[in-house]
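Good morning, and thank you for coming. Please look at the sequence and the structure on the screen while I speak.

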Amino acid sequence: MAHILVAGKIPEKAEELLKDHHVTVFENEQLITEDQLCELVSEVDAILSLLSTPITKRVIDSAKNVKIIANYGAGFNNIDVDYASSKGIHVSNTPMVSTDATAELTFGILLAISRKIVEGDELCRTKGFEGWAPLFFRGTEVSGKTIGIFGFGNIGQAVAKRAKAFNMNIIYNQPRRLSNELEQELNATYVSLEELIQTSDYISLHCPYKQELHHLFGKDEFTKMKDTAFFINAARGPLVNEQELVDALKDGVIAGAALDVFEFEPKITEELKSLTNVVLTPHIGNATYETRDAMSEIAAKNIIEVMSGRPPVSPVNDVLVKN
């Protein structure tokens, strides 16, 4: 029987699958801290971590018996993967299952900012709706506009499929260009990042975070965008210099933004909260019952496989099984 630490409350599916093991769940309302982790991992065989769980070198050194760190999320920048690999510890994630939910959320906040949906809701609840008028609450249509998608993996392509249904012109950029067949299927055109920035009416980020992409978008990029363009980030907060985005929004350099992630998450730059040309959601890209249950199941299965002497089903790193 393995001892497993679950670093926060998650859907019950994981505990059901792990019922043959000893499972400890961190149930505090506050997120688990590095100090708390170091205390709790000393005797465990596996860690089921959340995106908010800091699995640092110090935590890994405290986890003398850990064979796998199973991250609950497609991302894993909360884990020092290289150090875990050097210690022979498997790291896994929960890819693929977030694709549709995140793409749906992306299009939801894109429509919300372009059609002033949040502002309209606020008006109805406060000042009140005083009647239809020709110049009242005009937004921007997405049909016929150009969406530039940076990061054209599973989620980026899923966003493209939805954009195609809205009759949008789709351009994309990432290090690897897709095949001609897939580009034709998605009606997508590969362009340079420079061209994407300068010609898009909507720019949507869907790349994983890595250090070389830190502040991928800042003052220079926002200045090159159309002043009528909207910026959407449902990927990772540190891809964007948040203060420089605030400045661009305040000064009318771009028309608006919709953000599901933040540079200093869970903290949100205070000035963002007072701007009417930005829509904010609390990192809920994959927050559906269907996706969160599936993530719980995959994380548990990764642990079960490693505890049984086999590699995880969705590995992040490549290490030998640690018996």
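**Surface, sheet and one histidine**

The accessible surface of the protein chain amounts to about 16100 Å², and 50% of that belongs to carbon and sulfur atoms; such areas come from the Shrake-Rupley method with a 1.4 Å probe, and for residues only the protein chains shown count as cover. This is a predicted model, in which local features need pLDDT of at least 70 and side-chain atom pairs count only at pLDDT 80 or more, while totals for chains, interfaces and linings use all residues. Residues are numbered from 1 along each chain as its sequence is written, and side-chain values use heavy atoms, with hydrogens and water left out.

Of the 323 residues of the protein chain, 48% count as buried, that is, under 20% relative accessible area with a 1.4 Å probe, protein chains only. The C-alpha atoms fill a box of roughly 70 × 50 × 35 Å along the principal axes.

The secondary structure of the protein chain comprises 13 helices and 12 strands. Both are DSSP runs numbered from the N terminus: helices are H or I with at least four residues, strands E with at least two.

How are the seven strands of the open sheet ordered? The order is β8-β7-β6-β9-β10-β11-β12, and the pairing is parallel; two strands pair if DSSP finds at least two bridges between them. At the edges stand β8 (188–190) and β12 (278–280), each with a single partner strand, so one side of each has no neighbour in the sheet. On average, neighbouring strands of this sheet are turned by 20° against each other, direction ignored; axes are lines fitted to C-alpha atoms, for helices over the stretch in contact, and angles run from 0 to 180 degrees between N-to-C directions.

Consider one pair within the sheet. Strand β10 (residues 230–233) is joined to the parallel strand β11 (residues 256–259) by four bridges, and isoleucine 232 stands opposite alanine 258 in β11. Helix α11 (residues 242–250) packs on the sheet and touches β10, β11 and β12, where contact means heavy atoms within 4.5 Å. The direction of α11 makes about 140° with that of β11.

I close with one residue. Is histidine 206, in the loop between β9 (202–205) and α10 (219–224), buried or exposed? Histidine 206 is buried, with a relative accessible area of 10%. Leaving aside neighbours within four places in sequence, histidine 206 is in contact with eight residues' worth of surroundings including Thr106, Phe150 and Ala235.

Notes:
Buried < 20%, exposed > 50% of the residue type's maximum accessible area, 1.4 Å probe, protein only.
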